[in-house]
Amino acid sequence: MLSAGYALLWLVTLEAIGVLAFPVAFVLFPSLRDRGYAFSKLLGLLLLAFPLWLLGSLHFLPTARWSILLVLAALAVVSALLFRRHRRAVSELVRREWPLLLVVEVAFLLFYVGWALYRAYDPAINHTEQFMDFAFLNASARTAYYPPEDPWLSGHGISYYYLGYLLFGLVARLTAIPTSFVYNLSLATVPAMAAAGAVGLVSSLVRGRWSGLAYGALATVLLLVISNLEGTLELVRSLGMGSTAFWTGLGIKGLDGPAASASWYPNEAWWWWRATRVIDTVVDGRSLDYTIQEFPFFSHLLGDLHPHVMSLPFVMMAMALAWCLFAQGTGYLSLSPRSWPKLLLAGIVLGALGPLNAWDLPVFLGLALAGLVLWGYHHRKDLGLVQGVLHPLGVGGMVLALAFVLYLPFYRSVSTQVEGVLAVQGPVTSLKHFLIVWGPFVLLLAPFLVLQLVWAATRRLSWGRLVAAVLVPLVPYLAFVLLASLQGVEGQLLPRLLHILPGALLLGLVVYRALDATPDAEGRSQSFVLLLLAFAFVLVLGPELLFIVDVFGNRMNTVFKVYYQAWAILAVAGALAVYYWERWLANAVAALMPVRLAWRGLLAVMLIALLYYPLAAVASKPSGGADVPTLDGLAYLKADLPGAHETVEWLRREARPGQRLAEAAGGSYSEYGLFAAATGIPAPLNWAGHERQWRGSYQPTLGRAEDLATLYTTPDAQRAREIVKKYGLTFVVVGARERAVYGAIAVDTLNEVMGRAFESGDVVVYRVRE
């Protein structure tokens, strides 16, 4: 009952925030059929967080419940004024588009309730990087100023993309829902907001009310429900089909032969993990090109509340803003004073991608600016040089500047592991692995791309567009040539050119057709789809040539992040490609009716096959963690380690802002750092390997592990006092992990320096005497 109550309170709060923000969305998204209703909850969260974050970063206003209510009150005043100005238009929108508004809300509720129910059966925050996410959520939910203090490196701010944690942390503060519940509620909210956004965006690019709803639903399925083809291979394998040679020939670790299952899903633990580790070159069991190809359903199933997951609905909103810029250009945003509020909002929305997930910022800010420039190109003859070219460039420059300047405090406080860009030297993606990962979208897009080729061949050739179509795919290859030459791997130039050539030709085709499309309503929509495809193709082709240099030293993380972005773009573009193919078939001669039926049958079979993975994974993945369904991510702790659970609850009640704790330091991907993670109270050190990833160096962590070992074991009370003072410690936790790591604890020293403040089970908490 407690979980259901919290889930309802969370939902009501989000709905209320959405209502408050809708008048702002109405103004910001004039080219969407629902005028931004699909993004109103998301926009409301951002408009709540941004002023609190900015003023908190400047130390002008602390974040507390009263300041959250103050910002909400200010948003309500602004929205009331906007509603008064646009009341008739809003009323007309509700009268005209109520089916769409209803479907958007149903999509949100369907995914919210569905994932909340799933999480109730798999709530435990206890695997992969969930402790890390929980630590950042708790730190963001208790801080007064920004950046929040790093729970695993006290004295330092979080050096990671923390805005998503802050968004949900603010709702936690507002509702007073414990963060152990908020973690799972957030995991249910992200796909719900992404689903609403996909429906709202796609329905705006499709002619016809009911067609818009149908293709919006298709985009939602492509974005959030289906898997890649590895999931279908799991079905075939579990049926005991295929020879050993076939399975080993696929080159996917773990798929080494048929494995008939006694159930309707595979028997192996975590079999669903393989779908995200397809692209690799394995020699003698050793990975030469280990990469990650995560997709949204897997993310939500896994339950890591990572930045690239939380940014997914914001990616949908950025694409919607890009569509508005492309559809209306400087009629939507201009440099005139009347447009300044919308310019500011556009900067806030697009700029938020940086502190949400910095990988998304250049891609989707670039998409928005490309949409504006493409609008100017299409209207260059009517508007002339100044209004058709220079003015869009000026507006784009202003949006670009705002996106960075508004979030400058974040960039000033964050370190990075990025060291540059290099050419990919090792193995690249094989055709079989490419088709396993991207096969569904290849099938969806193929007819649409054939139509584009036919239309391009039957129209008068434009040499200017042809040059652009050649240059766009050529630029990344030339960058590869330059870097490969500097790295001394010139022998790969021709083989790599042949490797990317098919994709480069397709990229050139969509660029040519995007420039060639007519500027009427139908042409605008199709041209925007082509623009989306151009960005998606660059993202897929890019890691075959170049990678971002980081602590991993290979292209693993680059493939991971850009493939995720490409999936989001292709889900939208794929649904719209099907729409245009279906429209062409509907207008074609009757003799093509069998083609239409065959196409629909093939599409239906593919979608049904792709649904096996989500159904089987949902049935087999949950590990329980509680006697009854619950959204409490720490319920397992109460059952397995009641002493630790009671300690967490006590620390949450007792700790005050600015206080810190000590606990045993352990490695990444472990349950070390539990107390700091579960409370947000900073500790001197944990997960040092991850701290290196976030900061690019071990330097800030040096000496801390040794100091902790000394604190727990030294008989010298004065030395212990020095360490307590050095790190500003208030609490020292002694439990099973501390005894396992440090052996005999210097209890007498701790009693002399501090005092026993709490004890439960095998856990003792010492507190500095005031």
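Buried means under 20% relative accessible area, exposed over 50%, and partly exposed in between, with a 1.4 Å probe and protein chains only. This is a predicted model, in which local features need pLDDT of at least 70, side-chain atom pairs count only at pLDDT 80 or more, and totals for chains, interfaces and linings use all residues. Residues are numbered from 1 along each chain as its sequence is written, and side-chain values use heavy atoms, with hydrogens and water left out.

**Exercise 1. Place Leu28 and decide whether Leu28 is buried or exposed.**

Step 1. Find the element. Leu28 lies in helix H1, residues 2–28. Helices (H or I, at least four residues) and strands (E, at least two) are DSSP runs, numbered from the N terminus.

Step 2. Apply the cut-off. Leu28 has a relative accessible area of 0%, so Leu28 is buried.

Step 3. List the contacts, meaning heavy atoms within 4.5 Å. Neighbours within four places in sequence are left aside. Leu28 then touches Leu43, Leu321, Cys324, Tyr332, Lys342, Leu345, Ala346 and Val349.

Step 4. Compare sequence with space. Leu28 and Tyr332 are 304 residues apart in sequence, and their C-alpha atoms are 8.9 Å apart.

**Exercise 2. Treat Leu471 in the same steps, with Ser238 as partner.**

Step 1. The element is helix H20.

Step 2. Leu471 has a relative accessibility of 43%, so Leu471 counts as partly exposed.

Step 3. Leu471 and Ser238 are 233 residues apart in sequence and 47 Å apart in space, C-alpha to C-alpha.

**Exercise 3. Work out how strand E8 is paired with E6 and with E7.**

Step 1. Recall the rule: two strands pair if DSSP finds at least two bridges between them.

Step 2. Take E6 (residues 729–734) and E8 (residues 763–768). They run antiparallel and are joined by four bridges. Phe731 stands opposite Arg767 in E8.

Step 3. Take E7 (residues 754–760). Six bridges pair E7 with E8, again antiparallel. Here Gly755 is opposite Arg767.

Step 4. Look at the turn. E7 and E8 form a hairpin with two residues between them. Gly761 in that turn has a positive phi of about 60°.

**Exercise 4. Describe the two largest cavities: which residues line them?**

Step 1. Set the terms. On a 1 Å grid over the protein atoms alone, a cavity is a set of points where a 1.4 Å probe fits but cannot get out; a pocket is an open set with protein on both sides within 12 Å along at least five of seven lines; lining residues have an atom within 4 Å of a point. Grid points are joined across faces, edges and corners, and a volume is the space filled by probe spheres set on the points.

Step 2. Count. The structure has five cavities of 30 Å³ or more.

Step 3. Take the largest, with about 60 Å³ of space. Its lining is His308, Ser311, Leu312, Val315, Asn357, Asp360, Phe364, Lys561, Tyr564, Gln565 and Ala568. Helices H13 (312–328), H16 (360–378) and H23 (556–587) each give two or more of these residues. H23 gives the largest share, four residues.

Step 4. Sort by class. Ala, Val, Leu, Ile, Met, Phe, Trp, Tyr, Cys and Pro count as nonpolar; Asp, Glu, Lys and Arg as charged; the others, Gly among them, as polar. The largest cavity's lining has five nonpolar, four polar and two charged residues.

Step 5. Take the second largest cavity, of about 50 Å³. Pro473, Pro476, Ile500, Ala504, Leu507, Val538, Leu541, Gly542 and Leu545 line it. H21 (493–516) supplies the largest share, three residues. The classes are eight nonpolar, one polar and no charged.

**Exercise 5. Find which helix gives the most to the lining of the second largest pocket.**

Step 1. The second largest pocket holds about 770 Å³ of space.

Step 2. Its lining has 26 residues; Val24, Val78, Leu82, Pro341 and Leu345 lie nearest its centre.

Step 3. H1, H2 (40–57), H3 (65–85) and H14 (340–351) each give two or more residues. H3 gives the most, seven.

Step 4. By class, the lining has 19 nonpolar, three polar and four charged residues.

**Exercise 6. How many residues are in the largest nonpolar core?**

Step 1. A nonpolar core is a set of buried Ala, Val, Leu, Ile, Met, Phe, Trp, Tyr and Cys residues joined through side-chain atoms within 4.5 Å.

Step 2. The largest has 248 residues, and Phe29, Met319 and Leu533 have the most contacts inside it. H23 gives the largest share, 20 residues.
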